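Please open the model in your viewer and keep the sequence panel beside it. The stops below are meant to be selected in the order in which they are given.

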Amino acid sequence: MRRAGINTTGYKRYYGDVEIPFPKATMRKVACVTRNVHPIEGYQAICSIEDDLVYAIVSDEYKLVQHQEVLDVVSQICLEHPEWGKPERTVWLSPNGARKKASWRFPEVEFEIKPGDVVNPTIEAFSSFDTTLAQHLTLGGFRLVCTNGMIIGKMLAEYK
């Protein structure tokens, strides 16, 4: 079974409901500069507002989703299901803030993979400003998740 994976070595890790210093990204026009500025039609740059770091060049039809928006949506889903209990949230953020992985584990709920092999349901969310990760949400009971995307467990739902 394959799904999105991410090697979080070197990433900053945040536990619980702490405020995370996500970079604010925006879309900016792209141009070629020789003697004059020549706008390049059909493309925009995804940039950090704070330090003008360019994450990627994308089509002008690309929809930019902020990292915090994803956390807010999943947190709202968790609130709508109090029977799952209070989740333990962990967020990984790459050094330049371009890539994010977030995980919500529900320790009060047990999910049996096979007799005697019990795991807790988990929601995982992946996204990036540099376009290396698609917007991806998974829900399941995972025993092991490899950096190459392979998992041992049960996938219950997936959104990409």
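A residue counts as buried when its relative accessible area is under 20%, as exposed when that area is over 50%, and as partly exposed in between, with a 1.4 Å probe and protein chains only. This is a predicted model, in which local features need pLDDT of at least 70 and side-chain atom pairs count only at pLDDT 80 or more, while totals for chains, interfaces and linings use all residues. Residues are numbered from 1 along each chain as its sequence is written, and side-chain values use heavy atoms, with hydrogens and water left out.

Select serine 128 to begin. Serine 128 is part of strand S9, where strands are DSSP runs of E with at least two residues, numbered from the N terminus. Because its relative accessibility is 7%, serine 128 counts as buried. Which backbone nitrogen lies 3.2 Å from a polar atom of the side chain of serine 128? That nitrogen belongs to threonine 132, and the backbone nitrogen of threonine 131 lies 3.3 Å from a polar atom of the serine 128 side chain. Leaving aside residues up to four places away in sequence, serine 128 touches Tyr62, His67, Ala98, Arg99 and Leu133, a contact being heavy atoms within 4.5 Å.

Stay in strand S9, which covers residues 121-128, and select isoleucine 123. Isoleucine 123 is counted as buried because its relative accessibility is 8%. Among the residues that isoleucine 123 touches, with those up to four places away in sequence not counted, are Val74, Trp84, Trp104, Phe106 and Leu139. If you draw a distance from isoleucine 123 to valine 74, the C-alpha atoms are separated by 8.2 Å, although these positions lie 49 residues apart along the chain as a sequence separation.

Move next to valine 54, which is placed in strand S4. With a relative accessible area of 46%, valine 54 is partly exposed. Valine 54 touches Ala45, Ile46 and Cys47, again without residues up to four places away in sequence, and its C-alpha atom is separated by 8.4 Å from that of aspartate 130, 76 residues apart along the chain.

Finally, select Ile40, Tyr43, Val54 and Ile57 together, since these residues make a nonpolar surface patch of about 380 Å². The elements that give two or more residues to this patch are strand S3 (37-48) and strand S4 (54-59). Patch residues have over 30% relative accessible area and no salt bridge, with like charges joined within 9 Å and nonpolar side chains (Val, Leu, Ile, Met, Phe, Trp, Tyr) within 5 Å. A salt bridge is a side-chain nitrogen of Lys or Arg within 4 Å of a carboxyl oxygen of Asp or Glu. Tyrosine 43 lies in strand S3 and counts as partly exposed at 47% relative accessibility.

Definitions and conventions: Accessible areas come from the Shrake-Rupley method with a 1.4 Å probe; for residues, only the protein chains shown count as cover. Helices (H or I, at least four residues) and strands (E, at least two) are DSSP runs, numbered from the N terminus. A polar contact is a pair of N or O atoms within 3.5 Å; within protein, one must be able to donate a hydrogen and the other to accept it, and residues adjacent in sequence count only if both atoms are side-chain atoms.
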